[in-house]
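Open the model in your viewer and keep the selection box handy. We will walk through it one stop at a time.

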Amino acid sequence: VAEIDGKYMLSKNSTFDLVYGRSTLQTASQYGTYVPTGINVNSLFTSGSRQSNAAMTKYTLLIPKSKTKLTLTGRYVDPFFKSYGVGFIRPDNLRYEMKVEQPLSNKVKVSVLYRRDEDNVLSLYNYKTILQTAGANISLKLKKSLSLRVGYNPVLQQVHTTDNSYSARNLNSISNVLLTYNPSLKHGSTMSNLMYNYYHLTTGSQTSTFESISASNLTQFKKSLRNNFTAGWFSASGSDSLNNKTLLLTDEIGYTFRKARNVSAGIKAAHNPT
């Protein structure tokens with residue numbers, strides 16, 4: 001895979017970004033019976049690779065007087081594009097996104113988002129899925145070292161066939177709360193996070209929920225010793241699972257020697273209550 005990135009300063013407060021990538025193609029049989037012309041040409045620089053492209057454009061504008069930040073993003077990814085871990089993105093995707101961030105004071109910041117995703121960009125398959133997300137987040141700085149972020153994102157899912165034999169609409173939602181504590185220490189640093197996520201998912205025939213609560217702490221003692229602790233609780237209401245509750249604990253201690261040599265040891269434990 002090859003990728004080229006560019007940024008152009010339109011003005012002091014506005015920029016335009018362009019990213020283009022192209023990858024080689026794998027065997028067509030992995031993707032069904034449809035075989036595009038030239039798909040067996042395994043090259044980055046021939047016309048046979050025209051269905052393994054990816055591109056993203058982004059426009060950013062900052063209004064100094066109101067401190068408003070506007071970001072417009074567009075993304076197109078061919079169904080046969082393979083990132084191979086370089087800037088990993090989902091293939092067969094067309095996305096439009098608009099995001100506005102607005103500080104209301106030194107302690108309050110609000111952001112709103114609209115995003116539209118669709119697959120089957122080349123109409124290779126019978127089904128097409130469209131996801132539309134409109135969400136809002138508010139960030140509060142409660143104290144010098146304590147901050148809170150709350151978000152709510154409804155997601156409208158539309159599925160239909162190209163021959164109009166099937167159509168469905170489902171309204172889902174994602175809610176999250178994040179509390180961060182980052183006090184100042186004389187001989188080190190520490191950061192603690194407490195996060196709650198709630199997913200409400202509907203499929204037309206049933207409704208399911210997914211909840212997760214996680215707490216984490218990363219503490220650095222001077223420049224050598226560090227400890228990273230995480231605890232998480234996951235719960236799902238799906239009726240197709242025998243065990244839908246999990247408690248996960250991890251702790252890792254690390255030490256950095258001179259010349260950037262590191263050693264670490266950790267423990268992980270999971271519990272599924274019956």
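**Stop 1: a nonpolar patch**

Begin by selecting I138, L142, V150, V177, L179, L194, Y196 and I213 and showing their surface: together they make a nonpolar patch of about 570 Å². Keep in mind as you look that this is a predicted model. Now colour β9 (167-181) and β10 (188-202), since each of these strands supplies at least two residues of the patch. Next, centre on I213, which sits in strand β11 (residues 207-221). Is I213 buried, partly exposed or exposed? With a relative accessible area of 42%, I213 is partly exposed, because the range for that class runs between 20% and 50%.

**Stop 2: salt bridges around D117**

From the patch, turn to charged side chains. Side chains of opposite charge can pair when their charged atoms come close. How many salt bridges does a search of the whole structure find? The search finds seven, and we will visit some of them.

Select R90 and D117 and show their side chains as sticks. The two form a salt bridge, with 3.9 Å between the closest N and O atoms. That distance still counts because the cut-off is 4 Å. R90 belongs to the loop between β4 (68-77) and β5 (93-103), while D117 is in strand β6 (residues 108-118), so this pair ties together parts 27 residues apart in sequence. The partners also sit in unlike surroundings: R90 is partly exposed, at 46% relative accessible area, whereas D117 is buried, at 7%. Add R95 to the selection, and you have a network of salt bridges linking R90, R95 and D117.

**Stop 3: salt bridges around E118**

Move along to E118 and show R116 and K128 with it. R116 and E118 form a salt bridge whose closest N and O atoms are 2.6 Å apart. R116 counts as partly exposed, at 22% relative accessibility, and E118 is buried, with a relative accessible area of 15%.

Now look from E118 to K128, where the side chains meet in another salt bridge, 2.9 Å from N to O. This pair links distant parts of the chain, with E118 in strand β6 and K128 in strand β7 (residues 127-141), 10 residues apart. Are these two residues buried or exposed? Both E118 and K128 are buried.

**Stop 4: two asparagines with positive phi**

Select N120 in the loop between β6 and β7. Its backbone deserves a look: phi of N120 is near 55°, a positive value in a residue other than glycine. N120 counts as buried, at 2% relative accessibility.

Then jump to N164, in the loop between β8 (146-161) and β9. N164 is not a glycine either, yet has a positive phi of about 60°. Here the surroundings are exposed rather than buried: N164 has 69% relative accessibility.

**Last stop: confidence**

Finish by colouring the chain by pLDDT. The protein averages 86, and 86% of the residues score at least 70. Then select residues 27-42, where pLDDT is below 50. In the model, this stretch has 21 contacts beyond near neighbours in sequence. Where pLDDT is low, the predicted coordinates should not be read in detail.

Definitions and conventions. Residues numbered from 1 in each chain as written. Predicted model: local features only at pLDDT ≥ 70, side-chain atom pairs only at ≥ 80, totals over all residues. Heavy atoms only, no water. Helix = DSSP H or I, 4+ residues; strand = E, 2+ residues; numbered from the N terminus. Buried < 20%, exposed > 50% of the residue type's maximum accessible area, 1.4 Å probe, protein only. Patch = residues over 30% accessible without salt bridge, like charges linked within 9 Å, V, L, I, M, F, W, Y side chains within 5 Å. Areas by Shrake-Rupley, 256 points an atom, 1.4 Å probe, with all protein chains shown as cover. pLDDT = per-residue confidence, 0-100. Contact = heavy atoms within 4.5 Å.
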